[in-house]
Amino acid sequence: MKKYILEIISVFVLIVFLIAFPRSTETTIYLTGGVESVGEVWIADIEINGQKDSLKTYPLSGKWEYINENIVYVPSDSQDEDMLELCFNNAKSVRITFWKHDWSGGLGIYDGDEYTELNLCDQTGSVVYDVKNIKPVMLESENLIVSILSLGILLILLRCIDKKHRESKQNNWGLVVINTVVFCRIADAFNMIGYMLFALFMMYFLFVKSKVQNHRFYYITLAVSFVYSLYQFANPYLPDSKSVMGILFLLLVFYSLEIGIEKVWSRYIVIAITPILCFFMIECISNVNISQLKGSMIVLGIVITSIFLFITVNVICFKNLGWYLSFLSAFVISVGNYYVIQFKKYALTFGDLMQFKTGMAVAGDYQYYLSNEIVYGFLILIVLISLVHFYIPAEPLTVVKVKKRMFTGIIMLFLQLGVVRFIDFQQTFHVAWDNWDTTQTYSKYGFLVSFITSVQRMNIEEPDGYSKEKAENILNKYTSDIIEGEEEKPVIIAIMNESLSDLNDLGSLGETEDVMWYLNSMDDFLEKGKTFMSVRGGGTCNSEFEFLTGNSMGFFKDLYPYTQYSFNEIPSLTNELKNLGYKTVAMHPASATNYRRQGVYKEMGFDEFYSIDSYDDKYEKVFLDRISDEDNYREIIKRLENSNKDEPLFIFNVTIQNHGDYDMAQFNPSYERIKIDSDLEQYDSAWMYLSLIKESNNALKYLVDELRKIDRPIILCVFGDHQPGCLSTEFEEQIFEWDQTQSELANQQRYYMTPYFIWANYSVNEPVTGKDGQVSSPNYLVAKLLKYAGLKTTNWFDFLYEMQQHVPVINSFGYMGDDEIWHDMDEQNSYTKWIHDYRILQYYQVIQKK
């Protein structure tokens, strides 16, 4: 009896574990085609717990088949079944999207006790159905704790058996039986005899045939598998836990067989294949369409990966640390790129890495989910680390060897930097950079090639024919014709509103209420219209840079000027107004360190900067830590009322309310949820965003009404910094209406439109006011604002005011001339001289003076 006491205890723990571990549940619905009207039924998407599921995983029968990656009911005269059964394991929510076509028919849905009919016959569009009869599995905390404790106790007991009976084949077989039961239960495979036989076969090699028992790695694998099975249990859209664990254990069995271990040939084979595996790990995770990856770019990417590994392994030569750090850093950056694409709709560039601190400050505002790509990438990471561990043993190093390897690695590093510096990837390897959608560039050329290209694009080339004298000659042509009088200088308030935009610019929102009600009804403005920004979904500081300095990101490509330049010598609205005697104040209810604002504002000459630490704690948050626009504006009024009336005041305010991610569950219930068109109700992120925009309009009315009451001349300029980037792609595709009369450039620019207006509480000297339907860009707004204020300006802002009358819009992607046609930046036409002079002046003021 004593001989088997540990086995008996282990079986007892297993029983507790089996009881504690939650069971799978299955939600089932039935679809019937040919109801009411006969026609095809197309299933476009199935989302489980907010994540798309692969339609290929659903077994089809009868008249249902796969067509172009859709599940389609095809009516026929055959006697095949019209009904399709769809089962969803462990689902919290299920959403099914059906396409509408002229040839589509009716559909019946049996959802538990409810029956619903849908008519899908229409020219375009889609219908979304949310499954109601959900049978979710709730992982209660008590069960989860018991499960984890049981697993921990079991592992300890098995480790005791391993130590006490290491040489006993009989007890090794006892381990095989016990661990097979554990493994099969975690995999939820009790009813899968074939899978259990596979587990027995695997255990036989792992514990009986293996010359060296890698029980330590077995325990690690078991624990990792358990944790993943818990997560996958609640997120069934992920790769099946049985498949993942099967791969991990097969890998362990392979190493237990010791094939080629401690052989020279195996070492070289592993060294040769690690760059290939590392390259495909990166692409597996971060490439949105790996099928577009060009063959030549695969070879180039593997070469770059090999050089990267060579440098790291030689510079960091302590044991195998260089290998592991290389793999981990590649994995982390790839995952980072994956989430940047999900939240911002563009791929990670070197400029984004320079915003790391700001990125970390807002990272907690988004919801993160594991994806198939990340899981598969993690499996490749495990393969890479284990290959190095087993086949590239760490060599004892002498001081001489260390110095030699480090010297070699550093030499190769400088050679690599030289390649990046002097070989233009766009020209040499024909990398076509897609400004509109950088994910397409990364898909075709791979992450490493595209990322290096983004580094090279940060280099600002000197314009043709540039000289300091030429820049000064251009500026000297422009002098202000305003003569300052004795009248009181107006208070100037500029507000850059976070993600303020009108989604009607993309297309119709149907019966959705007018969330832009205030801006649309406002009629006492000086000027109102649309600005065309250079960024979308992020890069707020670049919009800020364009507004405050009058420079355009059209000449900076992928830079973030706030983090790369000193602003002591760069002309800006701030130092312009300080020279006119203004008190200058910056306000932003977020961290002062975001985008290095605390340093930039000081260099620009702001006298005061109010960050989140300066705001009153009593303000209620709209969601998360977001101070509402209205409460933000209360602080503006408070600062204005406490100012010296004899000292002119400039306030620059950046709001925070509308910052993503847009999770309706986080929305403060005390705020109104807008009425949205029934066809758009399924898009929670858009619903919440539109609700926030209505709150922004309410807040703007409050602000303007309060400013009317103040007995001081005030000029107000408000504009949106960019459109949101984390609305669902499906929503944007559904509402976007392509204008066939416009060019592709003009249609794409609609994703960069935001509203703006300039208003005053007094009669300004500008002869023409009330200009509606204007188009502009943020770099021109300051020149207009100063002109309305009647202030004498420098020749730089006079140049901008003159240029905007000929080229009213310019951003990162092109410009619009006074002919109302969009042009590429390098196009040769009647506007070329304006563009070239602007480029020369910007280079002179930002690059040469930096």
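How many helices and strands are there in the protein chain? There are 29 helices and 21 strands, and I should say at once that what we are looking at is a predicted model. Of the 850 residues in the protein chain, buried residues make up 56%. If we take the contacts with a separation of 6 or more, 76% of them are accounted for by residues 24 or more positions apart.

Let me begin with helix α9, which covers residues 321-344, and with two helices that pack against it. Helix α7, residues 264-286, packs with α9 at an angle of about 20°, and their axes are 8 Å apart. That angle makes α7 roughly parallel to α9, and α7 passes α9 in a right-handed crossing. On the α7 side the residues that meet α9 are Ile 271, Thr 274, Cys 278, Met 281, Ile 282, Ile 285 and Ser 286, and the residues of α9 that they meet include Trp 323, Phe 327, Phe 331, Asn 337 and Ile 341. By class, the residues of this contact of α7 with α9 divide into 12 nonpolar, 4 polar and no charged.

A general point may help when you look at lists of this kind: an α-helix has 3.6 residues a turn, so residues three or four places apart point the same way.

The second partner is helix α8, residues 295-315, which packs with α9 at an angle of about 135°, with the axes 8 Å apart. The two helices are therefore oblique to each other, and α8 passes α9 in a right-handed crossing. Here Phe 308, Leu 309, Thr 312 and Val 313 in α8 meet Gly 322, Trp 323, Ser 326, Phe 327 and Ser 329 in α9. The contact of α8 with α9 has 5 nonpolar, 4 polar and no charged residues.

Staying with α9, is Asn 337 buried or exposed? Asn 337, which is found in helix α9, counts as buried, because its relative accessibility is 0% and the cut-off for buried is under 20%. Leaving out residues up to four places away in sequence, Asn 337 touches Ser 286, Ala 347, Leu 348, Tyr 442 and Phe 447.

Now to helix α29, residues 832-847, whose 16 residues should span 22 Å at 1.5 Å a residue; its end C-alpha atoms are 21 Å apart, which agrees. In α29, 12 of the 16 residues are buried, so the helix is largely enclosed by the rest of the structure. Among the buried ones are Trp 834, Asp 837, Tyr 838, Gln 842 and Ile 847. And what covers the buried residues of α29? The cover includes helices α17, α27 and α28, together with strands β19 and β20.

Helix α12, residues 372-391, can be looked at in a similar way: it has 20 residues and reaches 28 Å from its first C-alpha to its last, close to the 28 Å expected. Its buried residues include Ile 374, Gly 377, Leu 381, Ser 386 and Tyr 391.

Next come two single residues with their surroundings. Glu 732 has its place in helix α25, residues 729-735, and with a relative accessible area of 6% Glu 732 is buried. Apart from its neighbours within four places in sequence, Glu 732 is in contact with Lys 345, Arg 536, Pro 724, Leu 727 and Tyr 751. Its C-alpha atom is separated by 9.2 Å from that of Ala 686, a residue 46 residues apart from Glu 732 along the chain. Gln 682 lies in the loop between β15 and α24, and at 8% relative accessibility Gln 682 counts as buried. Not counting residues up to four places away in sequence, Gln 682 touches Arg 95, Val 128 and Gln 734.

Finally, some points about the backbone. Most residues other than glycine have a negative phi, and most peptide bonds are trans. With that in mind, please find Ser 499, which is not a glycine and yet has a positive phi of about 55°. Ser 499 lies in the loop between β11 and α18 and counts as buried, at 2% relative accessibility. Arg 596 also has a positive phi, near 60°, and lies in the loop between β13 and α22, but at 26% relative accessibility Arg 596 counts as partly exposed. Lastly, a cis peptide bond joins Gly 660 and Asp 661, with omega about 10°, and Asp 661 lies in the loop between β15 and α24.

Note on methods: Residues are numbered from 1 along each chain as its sequence is written. This is a predicted model: local features need pLDDT of at least 70, side-chain atom pairs count only at pLDDT 80 or more; totals for chains, interfaces and linings use all residues. Side-chain values use heavy atoms; hydrogens and water are left out. Axes are lines fitted to C-alpha atoms, for helices over the stretch in contact, and angles run from 0 to 180 degrees between N-to-C directions. Helices (H or I, at least four residues) and strands (E, at least two) are DSSP runs, numbered from the N terminus. Angles under 35 degrees count as roughly parallel, over 145 as roughly antiparallel, 65 to 115 as roughly perpendicular and the rest as oblique. A crossing is left-handed if the near helix is turned anticlockwise from the far one by less than a right angle, and right-handed if clockwise. Contact means heavy atoms within 4.5 Å. Ala, Val, Leu, Ile, Met, Phe, Trp, Tyr, Cys and Pro count as nonpolar, Asp, Glu, Lys and Arg as charged, and the others, Gly among them, as polar. The expected span of a helix is 1.5 Å times one less than its number of residues. Buried means under 20% relative accessible area, exposed over 50%, partly exposed in between (1.4 Å probe, protein chains only).
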